[in-house]
Structures are given as C-alpha cells and as structure tokens.
Amino acid sequence: MSNKVVIGAQWGDEGKAKITDLLAQNADLIIRYQGGCNAGHTVVAHGKTFKFHLIPSGILYNGKTCLIGNGTVILPEYFEQEIEGLKKENIDISGLKVSPLATITMPWHTEVDGYSEDNASKGKIGTTKKGIGPTYTDKMARIALKIGDLYSPEALNEKLDVILPLKNKQLKELYGLKTYMKEEVLELCRKYAKIFEPYVCFEWQEMLQNFKREGKKVLFEGAQGVMLDVDFGTYPFVTSSNPVGGGAATGSGYGPRMIDEVIGVAKAYVTRVGEGPFVTELTDETGDKIREIGHEFGVTTGRPRRCGWFDAVTMKYACLVGGLTSIALTKIDVFDNFEEIKVCTAYKDIRDGKIYTSYPTDVYIHKYLTPVYETHKGWGEDITGVRKYEDLPANARKYLERLEEILETPISIVSVGPDREQTIFK
Ligand code: GDP
Ligand code: IMO
Ligand code: MG
C-alpha cells in the first residue's frame, strides 16, 4: 500500500470513516490531522456500529498506531468520554497517541462558540458548538494551550499570565460571560494532564522517523470536507481548519512528499448540516426521500442533514483544490429505488442567464444560482450485495462512468452499504 490521505470531498459526512477503516487494514499508522470532536465518524464492522469523534477510525484493528496529530483541537472531557466508551466495548486502545503539539479546547472556547451561535442575528453558521472556531482562532492568535504545556509548569505559568487577562477582558466585556482565575485554570490543567498522560507522545519525532525509515504505511484520516475548508469552502459557512489533502502535511508531522494518494470520499448525492449555500438542495419530497433512505441525521448533533442531488460543479472544484488522485463514491445504494437520478453539471444565474461550469467562489451570489441537471435512468434493483464492479447493473455502471468523465478523476472505490464488506474496489 502507498501512503494515502482520505478526505471528504463535499460538506462532510461522506462516509470517510468507513473508507478509512477499510484502508486501515493495510496501514501501520493512522493519523487524524485536523478538526476535533466536531467530526462524527461511523464504522460498521461485524454487525456493530462504532462512532468516533476524535479517535482515528483505525483504532478497531489491534497492533496499529493511531495518532491524533498536531493539527487537531482537543476537547479533553470529550476525549475522555470517547476513550471510556471504547474501553467499555473492549477495544484495544494501546496504540493511541496524542501529539503534544495538538491544541486544547478550553471551557471558554465552547462557551464563546455557544454564545456566538445562540446570539447571532445574522451570519449564523450552525456550528457543532464544540469550540472549534474559538480554539483555532486562539491558536492562530498564539494564545492557545497545547497538550504538551500541561506537563510544563513554566509554559503553563507564563502562558496563562498572558492568556487570562486577555481572555477575561474578552469574556466579560464582549460576551458578558464568566471569567477565570489562574488557580482554577491550573486545577483544570492538572485534571487534563491526567486524562492525556497515557497517550501523550513526546517521542513523536522518533516515532514518525522510525515509521518512515522502515517504509511503514501511513493513512491520514481527514475530517469534515473540502467545501467546509476555511480557505476553499463556502466561507464564512465553513469550519476553521483545512480538510483538503494538503492539511495532512501541516497537521501530522510529515511533509507532502510522504503522501502518494489522496482519496476524496463523496456521496452519490450531497448533504450539508448547518447554514450556508447549497445550490442543489432539495426541500421537496425527493430531499425527504434521500434523507429517510440515507438516514441523514448528524452523528455529533443529531441534526437532520440537508439533502440534494450530486453537484459535479463543487465536486470538480474539490478534485482540484483537495488534490484528489481518485474518488470513493459512497451511498449509491440509496438510489436503488429511484427511477431517475440527477447530476448537476453547471449553475445558471437567474439574473442574467450566465452559466457557470467552474465553481464561483463568491458564495454571496449562490442564492441567484439554479442547478443545470442531466438526468440518468435508475437501476431499480438492490445493489447492496454486489461486490464486483462488473456485477453492478448496467445503468449504475453508466452513471459511475459518466461521473468519472465529468470529474476527470477515476472512481477507485464504490460503496454500496455501511458495512466494511459492502464495498467494490474498482
Ligand atoms: P463521515 O463523517 O464522513 O465518516 O460519515 P458519517 O459517519 O458522518 O456518515 C456516513 C453515514 O453513512 C454513516 O452512517 C455510515 O455508516 C453510512 N454509510 C457509509 N457508506 C455507506 C454506503 O455506501 N451506503 C449506505 N447506505 N450507508 C453508508
Ligand atoms: P465529519 O468529519 C458535517 C459543519 C457544522 C457547521 C460548520 C462549522 O463528520 O464529516 P464547527 O463546529 O466545525 O465550527 O462548525 O461545519 N461541520 C460538519 N458537517 N460533518 C462534519 O464532520 C462537520 N464538522 C463540522 O455543521 O456547518
Ligand atoms: Mg460525520
């Protein structure tokens, strides 16, 4: 196996965890490189469903190393809960490591996220309220705590003397929220130090170097998706990290030369949770049908996901900026009972009829765009038991081949159900 990155190519929830879990069989090291517990990743194996938020989806295999990389943000209480859940399931977590350079989500981050969401009259983003944006903001402003700081009294002492006066002023004057005393935060940090102690990996450089020297296989697990990327997504309706393939190079400790392939996971349709433009969104009974058959409800928040037809305009953009070498197309089985399946190949501006075949990055004009569709005939049979590409109905193959043609990118994996086994390698 070559070193692969698995990323979401749409607005998240594409089925990345299923694909990561599958590919993890042949990997030695699995790294989560961005995002935090805003992610909700589902793996179905041996008839059981596992849900992950921060822990890499490769953890289900014994003997693998799973690293939560420097590019992530970690909410300690949530991390602890997830670990407890895995222990209860008797899952071996001895291979789990956390980078000391990962950033800590402090209580004020979740409080500010919650406040901003609850009080936004305009520009509400619909975040997961897990403190993601405020934590990354402080990381970039150089006033965040890293996991490693928990074990350095000097770092904690000096940093808190800078952070707390600033934070408290902000919390009190900007948000009218509770302020923090240094001793109280130090006490919290002692608690956090205990939570992370079995997992924090101060030897990460030697570890990554050894894996590299020995030619061991690395799998990078992305969270969210290209259209939620802070640089390339539907900004400002995005998350605060870089889910694109390039994020793996800055969020893991390995550079870009360690990456051989980038697999973009996409559903055969599109979903989105939270606010923001969505040109192919279906607010009619077809959208409801997709949501019902596809079980489109959030893993992290339980929110119903907005559903729409496959958008080849954003997907083509995702192939480019995400750096995709191939696509894993999931949930094609959801269309088993559809007579017709639509694919959006362009956008039309209702104001002047202008046609866009490339993704327009000014999202404030998206409200004027309507999708231009081509229609494909359905296959009208259950494909969840198909395991070989040539056994797929002719109409399903035609549909897949047409997508490859439009996207100028090969489809390497077709997923026909949530289970590990329900997969076709093309
Ligand atoms: P992730 O965040 O990208 O890992 O995806 P989520 O776990 O949030 O959502 C994907 C959902 O689709 C999960 O419930 C998966 O079990 C399920 N799933 C994945 N692939 C398929 C597929 O090919 N067909 C069907 N029907 N469900 C799938
Ligand atoms: P996985 O990894 C789908 C969305 C939120 C919101 C926006 C910003 O499971 O695909 P945030 O809490 O990150 O500041 O919220 O991003 N969002 C996701 N949507 N899947 C995810 O993760 C998401 N993580 C964040 O709904 O619109
Ligand atoms: Mg998800």
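**Figure 1. Gly 40, a buried residue at the magnesium site.** Gly 40 has a relative accessibility of 11% and therefore counts as buried, since the limit for that class is under 20%. The structure shown in this and the following views is a predicted model. Two residues of the protein act as donors to the magnesium ion (ligand 3): Asp 13 through OD and Gly 40 through O, at 2.0 to 2.1 Å from the ion. These donors come from distant parts of the chain, 27 residues apart. Asp 13 belongs to the loop between strand E1 (4–8) and helix H1 (16–24), whereas Gly 40 belongs to the loop between strand E2 (29–32) and strand E3 (41–45).

**Figure 2. Ligand 1 and the residues that surround it.** The shell around ligand 1 consists of 19 residues, and the closest are Gly 15, Lys 16, Thr 42, Asp 333 and Ser 415. Helix H1 and strand E3 each contribute at least two residues to this shell. The space that ligand 1 takes is the second largest pocket. Three polar contacts may be followed in this view. In one, a polar side-chain atom of Thr 42 is 2.6 Å from an oxygen atom of ligand 1. In another, a polar side-chain atom of Ser 415 is 2.5 Å from an oxygen atom of the ligand. Gly 417 takes part through its backbone, with a polar atom 3.1 Å from an oxygen atom of ligand 1. On its own, ligand 1 would expose 590 Å², of which the protein buries 91%.

**Figure 3. Ligand 2 in the largest pocket.** Which residues lie closest to ligand 2? They are Asp 13, Lys 16, His 41, Thr 128 and Thr 239, in a surrounding set of 21 residues. Asp 13 is also a donor of the magnesium ion (ligand 3), and Lys 16 is also among the closest residues to ligand 1. His 41 places a polar side-chain atom 2.7 Å from an oxygen atom of ligand 2. Backbone atoms take part as well: a polar one of Gly 126 lies 3.4 Å from an oxygen atom of ligand 2, and a polar one of Gln 224 lies 2.8 Å from an oxygen atom of the ligand. Of the 550 Å² of accessible area that ligand 2 has on its own, the protein covers 97%.

**Figure 4. Backbone geometry at Pro 236, Asn 90 and Lys 331.** Most residues other than glycine have a negative phi, and most peptide bonds are trans. The three places in this view depart from that general picture. The peptide bond that joins Tyr 235 and Pro 236 is cis, with omega about 10°. Pro 236 is located in the loop between strand E9 (218–221) and helix H8 (247–250). Asn 90, although not a glycine, has a positive phi of about 60°. The loop that holds Asn 90 runs between helix H2 (76–88) and strand E7 (96–98). Its relative accessibility of 72% means that Asn 90 counts as exposed. Lys 331 likewise is not a glycine and has a positive phi of about 60°. Its place is the loop between strand E13 (326–330) and strand E14 (340–349). Is Lys 331 buried, exposed or partly exposed? Lys 331 counts as partly exposed because its relative accessibility is 22%.

**Figure 5. Gln 422 and its contact with Thr 384.** Gln 422 is found in the loop between strand E17 (411–415) and strand E18 (423–425). With a relative accessibility of 16%, Gln 422 counts as buried. A polar atom of the Gln 422 side chain lies 3.4 Å from the backbone oxygen of Thr 384.

**Figure 6. Ala 144 and Lys 182, each with a distance to another part of the chain.** Ala 144 occupies the loop between helix H4 (132–140) and helix H5 (153–174). Ala 144 counts as buried because its relative accessibility is 7%. Between the C-alpha atoms of Ala 144 and Lys 16 the distance is 29 Å, and the two residues are 128 residues apart in sequence. Lys 182 is part of helix H6 (residues 182–196). Its relative accessible area is 26%, so Lys 182 is partly exposed. Lys 182 and Thr 49 are 133 residues apart along the chain, and their C-alpha atoms are separated by 42 Å.

Note on methods
Residues are numbered from 1 along each chain as its sequence is written. Chains are lettered from A and ligands numbered from 1 in the order in which they are written. This is a predicted model: local features need pLDDT of at least 70, side-chain atom pairs count only at pLDDT 80 or more; totals for chains, interfaces and linings use all residues. Side-chain values use heavy atoms; hydrogens and water are left out. Donors are N, O and S atoms within 2.8 Å of the metal (3.2 Å for Na, K and Ca); water is not among the atoms, so sites may look incomplete. Helices (H or I, at least four residues) and strands (E, at least two) are DSSP runs, numbered from the N terminus. Buried means under 20% relative accessible area, exposed over 50%, partly exposed in between (1.4 Å probe, protein chains only). A residue is near a molecule or strand if one of its heavy atoms lies within 4 Å of it. A polar contact is a pair of N or O atoms within 3.5 Å; within protein, one must be able to donate a hydrogen and the other to accept it, and residues adjacent in sequence count only if both atoms are side-chain atoms. Accessible areas come from the Shrake-Rupley method with a 1.4 Å probe; for residues, only the protein chains shown count as cover. On a 1 Å grid over the protein atoms alone, a cavity is a set of points where a 1.4 Å probe fits but cannot get out, and a pocket is an open set with protein on both sides within 12 Å along at least five of seven lines; lining residues have an atom within 4 Å of a point. A molecule sits in a cavity or pocket if more than half of its atoms lie within 2 Å of its grid points.
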